[in-house]
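Biologist: I have a model open and would like to learn how to read its side-chain features. Could you walk me through them?

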Amino acid sequence: METIKIDKEKVRMIAHRGLSGLERENTMAAFIAAGNRSYYGIECDIHKTKDGQFVVIHDDNTERISPVNKLISETNYSELNDINLYEVGSNTTASHLRIPLLSQYIDVCKKYNKVCFLEFKNLFSYDDIMKVLEIIENKQYTEKTVFISFVLDNLINVRKLNKNSKIQYLVGKLDHNTLMILRKYRFGIDILYSELTKEIVDELHKYHIEVNVWTVDNPIQALMLVSWNVDYITTNILE
């Protein structure tokens, strides 16, 4: 199996949880697979462990991606790092598939010159967001990181800490209140693609709001979004 290539024109493609159509999501294997291809950026999800480490995983626990069920917030990183994850599309584990640290994800993006699209899962404290920004700053990768979240307070705190950070508000749909938030805080939008129309894209662009869409794996739908001039497409398998 390989990626499905489309005529993306000027649209920037984002590998969702790494190249998760081919490799186990949010693992070094998925990030490296995306790094070796034409993607503009690599998206990931982060949680905080019991001992204060920031790890890359989508869910609150390990149940879906491994044979064991550990709650991330109640487990130390050393214990999480011992878990072998399932290979993609399989119930077979592999020793090279582990839960990465945020710093390891950034290292891959930096090595392959990809933009980080970093999603804060759940609500992060102000202090924890500050720590995440410090990790990225220490890697000298702040200017190549886009912060995303469904939790508005996370993004507002990022903006308080760095007025120049690139931020995209994750939403299911757009309404007037959301538009006002985007304009007030200078956020881009990361919106469910099926809730989008060309008219909405044009309206957002009128206010210089960048448009990212999630998660598009159908090439026909992707080509329609390209024709609407969206700025980014987040995908598991398209390239």
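Modeller: Gladly! Let's begin with a tryptophan: Trp-214 is partly exposed, with a relative accessible area of 23%. Bear in mind as we go that this is a predicted model.

Biologist: Which ring does Trp-214 pair with, and how do I read the geometry of that pair?

Modeller: The general idea is that a pair of aromatic rings is described by the distance of the centres and the angle of the planes. Here the partner of Trp-214 is Phe-150, with 5.8 Å centre to centre and 90 degrees between the planes, an edge-to-face pair. Phe-150 is in the loop between strand 7 and helix 5 (152-161), while Trp-214 belongs to strand 10 (residues 211-214). The pair links distant parts of the chain, as the two residues are 64 apart. Like its partner, Phe-150 is partly exposed; its relative accessible area is 40%.

Biologist: How many aromatic pairs does the structure hold?

Modeller: There are 9 aromatic pairs. One of them joins Phe-120 and Phe-147, with ring centres 6.0 Å apart.

Biologist: Why is the pair of Phe-120 and Phe-147 called stacked?

Modeller: Look at the angle: the planes of Phe-120 and Phe-147 are at 15 degrees, so the pair is stacked, because planes under 30 degrees apart count that way. Phe-120 sits in strand 6 (residues 115-120) and Phe-147 in strand 7 (residues 145-149), so this pair ties together parts that are 27 residues apart in sequence.

Biologist: Is Phe-120 buried or exposed, and what about Phe-147?

Modeller: Phe-120 is buried, at 1% relative accessibility, and Phe-147 is buried with a relative accessible area of 1%. Both also belong to an aromatic cluster, which is formed by Phe-54, Phe-120, Phe-124 and Phe-147.

Biologist: What sits over the ring of Tyr-40?

Modeller: That is the charged end of Arg-12, placed 5.5 Å from the centre of the Tyr-40 ring.

Biologist: Let's turn to charges that pair with each other. How should I read a salt bridge?

Modeller: Side chains of opposite charge can pair when their charged atoms come close. In this structure the count comes to 16 salt bridges. A nice one to inspect is Glu-25 with Arg-17, at 3.2 Å from N to O. Glu-25 is buried, with a relative accessible area of 10%, and Arg-17 counts as buried at 14%.

Biologist: Where do Asp-128 and Lys-131 lie?

Modeller: Both are in helix 4 (residues 126-138), 3 residues apart, about one turn of the helix. Their side chains meet in a salt bridge with an N to O distance of 4.0 Å. Asp-128 is buried at 9% relative accessible area, whereas Lys-131 is partly exposed at 42%.

Biologist: What about Glu-203 and Lys-206?

Modeller: They form a salt bridge too, at 3.4 Å from N to O. Glu-203 and Lys-206 both lie in helix 7 (residues 198-206), 3 residues apart and about one turn of the helix. Glu-203 counts as partly exposed, at 30% relative accessibility.

Biologist: Which residues do salt bridges with shared partners join into one network?

Modeller: The network holds Arg-17, Glu-25, Asp-45, Asp-59 and Arg-64.

Biologist: Now for a whole element. Why is helix 1 described as largely enclosed?

Modeller: You count its buried residues: in helix 1 (residues 28-35) 6 of the 8 are buried, so the rest of the structure largely encloses it. The buried ones are Ala-29, Ala-30, Phe-31, Ala-33, Ala-34 and Gly-35. Their cover includes strand 1 (12-15), strand 2 (41-48), strand 3 (54-56) and helix 3 (102-111).

Biologist: And for a single residue, what does Val-211 touch?

Modeller: Leaving out residues up to four places away in sequence, Val-211 touches Ile-189, Ile-191, Leu-196, Leu-204, His-205, Val-230, Asp-231 and Tyr-232. Val-211 lies in strand 10 and is buried, with a relative accessible area of 0%.

Biologist: How do I set sequence separation beside distance in space?

Modeller: Take two cases. Val-211 and Asn-164 are 47 residues apart in sequence and 18 Å apart, C-alpha to C-alpha. Met-224 and Thr-197 are 27 residues apart in sequence, with 9.9 Å between their C-alpha atoms. Met-224 is found in helix 8 (residues 219-227) and counts as partly exposed, at 37% relative accessibility.

Terms used
Residues numbered from 1 in each chain as written. Predicted model: local features only at pLDDT ≥ 70, side-chain atom pairs only at ≥ 80, totals over all residues. Heavy atoms only, no water. Phe/Tyr/Trp six-rings, centres within 6.5 Å; stacked < 30°, edge-to-face > 60°. Helix = DSSP H or I, 4+ residues; strand = E, 2+ residues; numbered from the N terminus. Buried < 20%, exposed > 50% of the residue type's maximum accessible area, 1.4 Å probe, protein only. Lys NZ or Arg CZ within 6 Å of the ring centre and 35° of its normal. Contact = heavy atoms within 4.5 Å.
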